[in-house]
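Open the model in your viewer and switch to a cartoon view. Follow the stops below in order.

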Amino acid sequence: MALSPADVLAGLKEIVEEVAGVSASTIELDKNFTDDLEVDSLSMVEVVVAAEERFGVKIPDEAVTDLVTVGDAVNFIVNAAK
Amino acid sequence: MTRRVVVTGLGATTPLGADVDSTWAALIAGKSGVHLLTEEWRDLLPVHFAARVHTEPADQMERVEMRRLDRSEQFALVASREAWKDAGSPDVDKERLGVVIASGIGGVITLLDQYDNLKEKGARGVSPHTVPMLMPNGPAANVGLELQAKAGVHTPVSACASGAEAIGYALEMIRTNRADIIVSGGVEAAIHQLPMAGFAAMKALSTRNDAPERASRPYDRDRDGFVLGEGGGILILEEYEHAKARGAKIYCELVGQGLSSDGYHIAAPDPDGAGVQRAIKFALANANLSTKDIVHLNAHATSTPAGDVAEANALRLALGSDIDRVAVSATKSMTGHLLGGAGAIESVFIVKALQERLAPPTINIENLDPAVTVDVVRDKARALPAGQIAALNDSFGFGGHNVVLAFATL
């Protein structure tokens with residue numbers, strides 16, 4: 001099922017807020033997970049698993065290293081859902 | 001020259017209170033922290049009660065922080081933050097700052113919860129925080145990270161002697177000049193159906209389901225086992241000159257420790273108490289104290305039929321007739337048994353007892369067991385003498401571990 005970038009961003013905001021305690025209002029497409037949002041490597045695993053469940057996509061481990069910013073994740077999930 | 005070690009901060013989260021002050025007030029008032037469990041699983045067990053912490057960690061820390069921490073780690077951070085603040089948040093060279101915090105069982109609740117996740121959702125459902133949460137050194141490691149301690153972070157494990165052993169280890173770290181300040185103590189979070197079923201299978205737990213608050217009754221003729229408790233205690237230990245130089249509040253001195261092992265049985269106490277006697281003698285010698293200096297003792301006394309008498313006999317044999325001048329308190333009658341946290345909260349109690357010159361009561365003794373021939377402080381707190389005084393804290397663990405800590409007024 002196709003997903004809109006806006007829906008994916010909204011969903012990711014909720015996930016990152018839950019996992020890392022970052023206020024959803026500060027989570028934007030250009031934010032870096034590690035440097036800006038304090039999502040460390042362990043928390044990133046939580047974000048990925050939660051995103052897979054929520055959006056019904058597979059995010060392979062080898063793809064996760066390329067998900068540097070929130071925008072990278074939104075693009076990946078939108079493409080994976082097509 | 002010997003480096004002396006003093007106590008400059010205290011922290012606790014216990015079945016009696018959210019911090020040291022509220023815990024101490026309830027302890028002196030003779031309150032019980034034991035209650036019926038509210039979880040449905042209690043009906044699977046022969047024991048329906050335990051001593052949960054008075055205040056949930058959720059009321060003392062942020063949600064996001066909590067979800068990456070096992071309950072034992074949450075207790076460690078809560079108590080360490082209080083202790084560190086109580087010590088005046090000392091400005092110390094991080095390479096001279098250490099952490100020694102024990103746990104008897106580690107993150108057992110995390111282990112079991114994540115096993116449930118594995119069975120339900122498969123490997124992908126297991127949290128990436130599982131291992132840092134279940135490792136027994138997790139409480140020490142998290143406190144070490146928060147304070148950026150770099151002199152060493154350690155976790156001795158010796159069942160119910162763990163908390164006391166951690167404090168003794170910290171004493172040696174400062175004496176041997178590895179550090180100037182150590183955050184030391186012990187925590188436990190094992191109120192869950194599996195560990196409780198295990199202790200119950202050993203017949204170690206009281207089954208007094210009709211009167212939970214009366215169940216922990218060390219030295220009472222009708223005692224029938226211990227009551228599982230949770231929480232933790234933290235002492236900030238500091239080298240004496242270092243504490244003086246920064247104008248720290250000094251509670252008392254940790255003057256020595258004695259360690260031994262029974263070589264007798266994996267769980268039962270040696271009825272002759274030979275190992276306990278040796279640990280007491282070693283502690284006195286290590287502290288350079290005589291039996292006449294001791295005015296108060298916080299006993300291990302868990303409320304098991306065999307353990308309480310074996311310890312009391314060993315105390316009399318080790319201290320001779322001077323035991324008659326010692327006010328013996330069994331505070332597990334109020335807190336339950338915190339396993340790896342026990343020796344730590346009881347050390348907090350000793351430090352407070354020396355400061356306030358007050359020995360806490362032992363509650364629930366309806367008929368003193370005639371086999372117990374020590375002077376038990378019953379029902380009401382008792383004043384301790386003026387002048388320079390010293391006190392001992394006994395802790396013993398499954399496996400035959402014996403740890404005795406000696407504290408003294410400055």
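**Stop 1: a turn in chain B.** Select Gly397(B). Gly397(B) stands opposite His401(B) in β14(B). You are at a hairpin, formed by β13(B) and β14(B) with three residues between them. Click Gly399(B) in the turn: its phi is positive, about 110°. Now run along the two strands. β13(B) and β14(B) pair in the antiparallel sense, over eight bridges.

Keep in mind that this is a predicted model.

**Stop 2: β14(B) and its other partner.** Stay on β14(B), residues 401-408. Is β14(B) enclosed or open? Seven of its eight residues are buried, so β14(B) is largely enclosed by the rest of the structure. Next, add β8(B), residues 252-261. β8(B) pairs with β14(B) in the antiparallel sense, again through eight bridges. To see one of these pairings, select Gly256(B), whose bridge partner in β14(B) is Ala406(B).

**Stop 3: the whole sheet.** Zoom out. These strands belong to an open sheet of ten strands in chain B, with mixed pairing. Read across it in this order: β5-β4-β6-β7-β1-β8-β14-β13-β9-β10. The edge strands are β5(B), at 152-154, and β10(B), at 327-329; each pairs on one side only. From one strand to the next, the twist averages 25°.

**Stop 4: the β5(B) edge.** Select β4(B), residues 97-103. Three bridges join β4(B) to β5(B), and the two run parallel. Pick Val99(B) to find a bridge partner in β5(B), Val153(B).

**Stop 5: a helix on the sheet.** Select α13(B), residues 342-356. Which strands does this helix touch? α13(B) packs on the sheet and touches β1, β6, β7, β8, β9, β13 and β14 of chain B. Its direction makes about 60° with that of β7(B). The helix is mostly covered, with 13 of its 15 residues buried. Check its length too: at 1.5 Å a residue, α13(B) should span 21 Å, and its end C-alpha atoms are 21 Å apart, which agrees. Just after the helix comes Arg357(B), with a positive phi near 55°.

**Stop 6: where the chains meet.** Show chain A. Six residues of chain B are in contact with six residues of chain A. On the chain B side, two are nonpolar, two polar and two charged.

**Stop 7: confidence.** Color by pLDDT. Chain B has a mean of 97, and 100% of its residues reach 70 or more. Chain A averages 93, with 99% of residues scoring at least 70. In chain A, compare helix α3(A), residues 61-64, where confidence is lowest at a mean of 93, with helix α4(A), residues 70-80, where confidence is highest at 96. The model scores ipTM 0.87 and pTM 0.96.

Key
Residues are numbered from 1 along each chain as its sequence is written. Chains are lettered from A and ligands numbered from 1 in the order in which they are written. This is a predicted model: local features need pLDDT of at least 70, side-chain atom pairs count only at pLDDT 80 or more; totals for chains, interfaces and linings use all residues. Two strands pair if DSSP finds at least two bridges between them. Helices (H or I, at least four residues) and strands (E, at least two) are DSSP runs, numbered from the N terminus. Axes are lines fitted to C-alpha atoms, for helices over the stretch in contact, and angles run from 0 to 180 degrees between N-to-C directions. Two residues are in contact if their C-beta atoms, placed from the backbone, lie within 7 Å. The expected span of a helix is 1.5 Å times one less than its number of residues. A residue is buried if 20 or more other C-beta atoms lie within 10 Å of its own, exposed if 12 or fewer, and partly exposed in between; C-beta atoms are placed from the backbone. pLDDT is the predictor's confidence in each residue, from 0 to 100. Ala, Val, Leu, Ile, Met, Phe, Trp, Tyr, Cys and Pro count as nonpolar, Asp, Glu, Lys and Arg as charged, and the others, Gly among them, as polar.
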